[in-house]
Amino acid sequence: MTTVLRRIIFVAVIIGIWEVISKLGFFPTFMFPPIIIPNEPGGVTVIGTLIGSIISGQIVTATGTTLVRLLIGFSIAVVLGLTFGFLIARYKWVDDTLGFFVTALQSIPSIVWFPLAIVWFGLGNASILFIVAIGATWTMTVNSSTGFKNVPSIYMDAAKTLGSSGSHLLRTVIIPASVPHIISGLRVAWAFAWRAIMAGELLGSTGGLGYLLDLGRSIQAMDLVLSIMIVIGVIGTIIDNQVFLRMERAVARRYGQTV
């Protein structure tokens with residue numbers, strides 16, 4: 001049995017269990033809506049709401065808004081994380097100060113920063129971008145600093161012997177040797193950024209998937225909430241498998257870790 005077939009069967013079983021529970025009447029339909037088959041003729045279903053929202057453009061517009069915010073915030077986090085990671089790996093005094101501080105900051109959920117974001121930037125895109133960046137920066141910093149610190153000394157010695165130094169050494173030796181850790185950091189940081197933007201949009205934004213989630217909650221439309229959750233899960237899975245997983249496999253092949 002192929003992996004794809006196993007996954008299809010697993011998803012079908014989950015949907016089947018959900019449909020049975022929905023039709024047993026343990027919960028009102030608005031609380032536990034069916035996914036495919038309506039409980040009564042013309043009733044709501046999650047798939048029906050999802051398709052209708054896509055056709056109307058509601059979900060498409062919200063997805064575009066969320067992804068733009070996510071990409072901007074994630075890009076900021078990557079730049080900051082790589083910079084901080086290099087400084088921590090390069091200078092002992094930075095490792096003893098900022099490195100220690102980053103470890104503490106990494107344990108703070110990004111949503112905890114939201115009250116400060118509102119005070120500093122107000123409700124809007126700036127506060128959302130701050131939440132996304134702060135949620136991904138520290139993970140990127142930790143992974144990149146680990147990669148920079150673990151560059152084999154033989155590479156460094158050989159490059160210096162051949163006259164490499166400064167930015168040339170960084171560009172041709174340090175960064176390429178750190179790529180496996182950097183790619184791993186990108187993958188984890190993306191997941192943190194994805195969660196952070198959902199939290200930020202839920203609490204204070206106009207537009208975006210998080211805003212639609214909060215709208216569905218406020219009008220008790222769980223079919224809308226579940227359809228948004230499906231979109232979030234599909235996008236997250238596609239990005240992880242088609243971008244970051246492919247990058248990790250390419251790096252692993254490059255370093256002879258897989259066939």
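In the predicted model, S145 is buried, with a relative accessible area of 7%. The residue belongs to helix 6. Once neighbours within four places in sequence are set aside, the contacts of S145 are G85, I88 and A89. The value of 7% places S145 in the buried class because that class comprises residues under 20% relative accessible area.

The protein chain that surrounds this site contains 10 helices and zero strands, and its order along the sequence is accordingly written α-α-α-α-α-α-α-α-α-α. Along the principal axes, the C-alpha trace extends over about 80 × 55 × 30 Å. Buried residues account for 37% of the 259 residues of the protein chain. Of the contacts between residues at least 6 apart in sequence, 64% join residues at least 24 apart. The accessible surface of the protein chain amounts to about 14,400 Å², and carbon and sulfur atoms contribute 70% of that area.

The largest nonpolar core comprises 40 residues, and F74, L186, L209 and I228 are those with the most contacts inside it. Two or more residues of this core are supplied by each of helix 3 (58-90), helix 6 (125-149), helix 7 (153-161), helix 8 (166-203), helix 9 (209-218) and helix 10 (222-254). Helix 8 provides the largest share, 13 residues. For L209, contacts other than those with neighbours within four places in sequence are made with I59, A62, T63, T66, W194, M198, E201, I228, V231 and I232. A further core of 12 residues lies apart from the largest one, and V94, F114, A117 and I134 are among its members.

Aromatic pairs number 11 in the structure. One of them, formed by W113 and F130, is edge-to-face, with a centre-to-centre distance of 6.1 Å and an angle of 75° between the planes. This pair connects distant parts of the chain, as W113 occupies the loop between helix 4 (92-106) and helix 5 (114-121), whereas F130 is located in helix 6, 17 residues apart. Both W113 and F130 are buried. Another aromatic pair, W190 and W194, is stacked, with 6.5 Å between centres and 15° between the planes. Both tryptophans are situated in helix 8, four residues apart, or about one turn of the helix. W190 and W194 are likewise buried. Ring pairs also join W190 and W194 with F74 and F244 in a cluster. Within this cluster, F74 is also one of the residues with the most contacts inside the largest nonpolar core, and W194 is one of the contacts of L209.

Side chains of opposite charge can pair when their charged atoms come close. Five salt bridges are present in the structure. One of these is formed by the side chains of E201 and R69, at 2.8 Å from N to O. It connects distant parts of the chain, with E201 in helix 8 and R69 in helix 3, 132 residues apart. Both partners are buried: E201 has a relative accessibility of 1%, and R69 has a relative accessibility of 7%. E201 is also among the residues in contact with L209.

In a second example, the side chains of K92 and D96 form a salt bridge of 2.9 Å, N to O. Here the partners both belong to helix 4 and are four residues apart, about one turn of the helix. K92 is exposed, at 57% relative accessible area, whereas D96 is partly exposed, at 46%. A salt bridge of 3.0 Å, N to O, is likewise formed by the side chains of D214 and R217. These residues both lie in helix 9, three residues apart, again about one turn of the helix. D214 is partly exposed, with a relative accessible area of 24%.

At the surface, V4, L5, I8, I9, V13 and I17 constitute a nonpolar patch whose accessible area together is about 520 Å². Of these residues, I9 is located in helix 1 (residues 3-24). I9 has a relative accessible area of 40% and is therefore partly exposed, a class that lies between under 20% and over 50%.

How values were computed. Residues are numbered from 1 along each chain as its sequence is written. Side-chain values use heavy atoms; hydrogens and water are left out. Patches are made of residues with over 30% relative accessible area and no salt bridge: like charges are joined within 9 Å, nonpolar side chains (Val, Leu, Ile, Met, Phe, Trp, Tyr) within 5 Å. Accessible areas come from the Shrake-Rupley method with a 1.4 Å probe; for residues, only the protein chains shown count as cover. A salt bridge is a side-chain nitrogen of Lys or Arg within 4 Å of a carboxyl oxygen of Asp or Glu. Buried means under 20% relative accessible area, exposed over 50%, partly exposed in between (1.4 Å probe, protein chains only). A nonpolar core is a set of buried Ala, Val, Leu, Ile, Met, Phe, Trp, Tyr and Cys residues joined through side-chain atoms within 4.5 Å. Contact means heavy atoms within 4.5 Å. Rings of Phe, Tyr and Trp (its six-membered ring) pair if their centres lie within 6.5 Å; planes under 30 degrees apart count as stacked, over 60 as edge-to-face and the rest as tilted.
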